[in-house]
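Please open the structure in your viewer and keep the selection tool at hand, since each stop of this tour begins with something to select.

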Amino acid sequence: MPSQAPAIERDGRSAVVRLRGDLLVPTAGELYARLRGVARQRGVKTVVLDFRDAGRIDSAGTAVVALLGRQLRRSGKQLDLRELHDQHRAAIELTPELASGVRPPDEVVGFVERFGAQVIETAGGIAAFGGLVAETLRQLAQVIARKKHIPAGALRHHLETMGVGAIFIVSLLAFLTGMTMAFQGAVQLQRFGAGVFVADMIGMSMVRELVPLMTAVIITGRTGAAIAAELGTMQVRSEIDALSTMGINPVRFLIVPRIVAITAIGPALTLIGIFIGIMGGMLVAQVTLDMPAVTFWSRVVDRVTLLDFAHGIGKSVVFAWIIGFTGSHLGLGAGGDAGSVGTATTRTVVLSVFFIILIDAVFATIATFTRHG
Amino acid sequence: MTGEAVLECRDLSVGYDRPILEHVDFQIAPGEIVALLGGSGCGKSTLLRTIVGLLPPLAGEVRLFGQSMYALSPGQRRRLLGRTGTAFQQDALFGSMTIEDNVALPLRELTQLPHAVICEMVRMRLALVGLPGMERRMPAQMSGGQRKRAALARASILDPELMFCDEPSAGLDPVVAAGIDETILGFRKVLGASLVVVTHELESIRTIADRAIMFAHGQIRATGTIDELSASHDPEVFGFFHRVAESTASPTGAAVAAS
C-alpha cells in the first residue's frame, strides 16, 4: 500500500491524525515532521493516531510513533492509538514504552552536573597521571638499586625502535630547517651589512629553540603515539590485567623501559639534530654569503655557550618525559574497545604537543627573567 | 570443607559506578573446583576481576588465603596474587613473544631460577596442557584452543594454589572444550590447586565442578552441586538451566533441562 499524507482533523482539544498507507523508512521523515507540527499546536492536548487506513509499519514508523509519544508526554499532552491492526500491535509491543504507556525516567543532566562531572574526571585523570609518575620513579629507583629488574632486551628494543628509526627523519628536518633559517636570515641581515651574524642566529636558534621543539614534535608523532597504541592494545587484549594477576608490576615491566629509553633518546636525537641543522645553515651561508665554513663554525662556537646547550638539552629531557608519560597514561587508561585505542593515540599527540609548547614558553620566560635568554 | 578456605568473599559488592552484584558470600575450600554461573551481564566476570585484584570492591571483603586482599599494600597484594593463576577469557598472551617466552614470563620475572630450569619447566607444562613441542610458536600461529591451553599453562606455571579461569572453553568445539576440561582437572590432580571457573558450558560444569554458584538479579541465586541446581524448583534457576540446555543442544544438556 503506497504511503499517503495523513488527514488531520481537530476535535475540540484533540487532533485526530488518520494515517494512510505504509509507515516505512522512505516516508518516516516526512510523517515525523507532520506529526511534530500537530503535537506543537497550542490548543492540542491529545493527539489521536488512527491506524484504520494504515498499511505496514516498520521500525522507522514505530520509532516515529514512539518519539511522538515521548514528546507529547514531555509537554504534558497525551497520545492515543486507535484502530490498530495485528501487525501494528505487534510492532508497538516491541516498544515497551509505547505498549505500557510508561515512560522510563529521562535523565536530565544540567550544565552544572556536566561541568562538575568534567571537573571530577579531570581531577581523577591528573591524580592518576601523578600516581603513574610516582610509581614509575619508585620502580625505577628499585631497578637502579638492583632490587628489581626490567625485562631482558626491552631497553635495547625500545632504544632501537624509538631512537635509531628516528635519526633519519630528525636529521633531514633539522637540515632543512637550518637551511631555511639561513636563507631567511642571510637575506634580511645582508640588508644591514650584518650577514656574518647569520652564524650566531643559526647557532642560537638551533640549540635553544628550533631543534629541541621540532625533535619533540617528531618523537610525539612517532613514539608517543606508538606507546599509547601499544599499551592501549595490550589493555584491550587483557595483557596488562594478566601481568597484574601474575604478580608482575605492569609499570616496571612496561613503563620503566619506555621512559628510560625515551629519556635517552630525546636528548640524543636533539644533539644530532642540532649538529645537522647547523651544518645545513653553514652550507647555505657558504653558498649565499661566501662565508667560509671555518668562520661560520667558529662564530657558532663563540656565540653558543654551555648554558645554551644545557637549556636546549634540558628542555629535550622534559619534553621526552611529557611524551613518554602522556602516552603511557593514556594508553593504560584505554577502555576495552578498539575505538578507545584510537582516542588514546590521538589525545597523546594533541596533549603532548600542547604541553611541549606550554613548557617551552615557560622555559623561555624563566630564561628571560633570569637573564639567560 | 576441609582446611582453611583459600578464597572467601564476605558481603561483597562489586561493580563500576553502581553495584552489579551485592551481598556475595561464599568460600572455596582447598582442592575444590567451583563454577560461577549466570546469564550474560550478570556480573560473573566483574566479580572475578574484583577477586583477582583488578577492580576494588564497592563494599565487603575478599579474603585470599586468610588475608583481606584489599587491606594489603599493592606490593603485598601482588605477592599474594603470586600464589594464584588467572586465565582470561581472551587468552591475553603477549603477541610479540613466543609461547615459551609467554609461559616462562612469571618464572623469569618472579623467580631466580636458571634459564635451563625455566625452559624445562615450560616444556613440561606445555606437555601437561597438550602442547608438546610448541615452544617456538608465536600466538598468532596457533588455533584458539591451543592459545587457551597456552594461557592455562602460563597461569599455572608457578604451581598456584588457586586458579581462576574465565570462560576457558568459550567458542571452542566440544572436542577441544573436553580437552580443556581434562587440563583443568589435571591441574587439581597434579598441582592440588583449587579452581574457580566462570563458564556457561553445562557439559564442562558437569565434568569439572564440585559445586556451582549461580548469580541472577545482582546477587547469589543458588548454590550447590550441579545435580542440586538442575533439580531446583526455583524458576530462575530452572529457567537458566533450561535455556542453557537449549543453546548447547547436547544430550547431557537435554537431560538437565528435563530434570
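**The nonpolar cores**

In this predicted model, begin by selecting A:Ile202, A:Ala285, B:Leu195, B:Val197 and B:Ala212, which, of the 130 residues in the largest nonpolar core, touch the most other members. Then add helix α9 of chain A, residues 250-289, because the largest share of this core, 17 residues, comes from that helix. Next, centre the view on B:Ala212 and display its contacts: leaving aside residues up to four places away in sequence, B:Ala212 touches B:Val34, B:Ala35 and B:Leu37, and also B:Ile205, B:Gly224, B:Ile226 and B:Leu229. For a second, separate core, which has 20 residues, select A:Ala54, A:Leu68, A:Leu72 and A:Leu79, all of them included in it.

**Where the chains touch**

Now show both chains together and turn to the contact, to which chain B gives 15 residues and chain A gives 11 residues. On the side of chain B that touches chain A, select α2 (74-81) and α3 (99-110) of chain B, each of which supplies at least two residues. If you colour this side of chain B by residue class, you should find 8 nonpolar, 4 polar and 3 charged residues.

**A loop in chain B**

Finally, select B:Tyr16, which is found in the loop between β1 (7-15) and β2 (19-28) of chain B. Is B:Tyr16 buried or exposed? B:Tyr16 is exposed, because 10 other C-beta atoms lie within 10 Å, and a residue counts as exposed at 12 or fewer. Add B:Thr46 to the selection and check the C-alpha to C-alpha distance from B:Tyr16, which is 8.6 Å, although the two are 30 residues apart in sequence.

Methods
Residues are numbered from 1 along each chain as its sequence is written. Chains are lettered from A and ligands numbered from 1 in the order in which they are written. This is a predicted model: local features need pLDDT of at least 70, side-chain atom pairs count only at pLDDT 80 or more; totals for chains, interfaces and linings use all residues. Two residues are in contact if their C-beta atoms, placed from the backbone, lie within 7 Å. Helices (H or I, at least four residues) and strands (E, at least two) are DSSP runs, numbered from the N terminus. Ala, Val, Leu, Ile, Met, Phe, Trp, Tyr, Cys and Pro count as nonpolar, Asp, Glu, Lys and Arg as charged, and the others, Gly among them, as polar. A nonpolar core is a set of buried Ala, Val, Leu, Ile, Met, Phe, Trp, Tyr and Cys residues joined through C-beta atoms within 7 Å.
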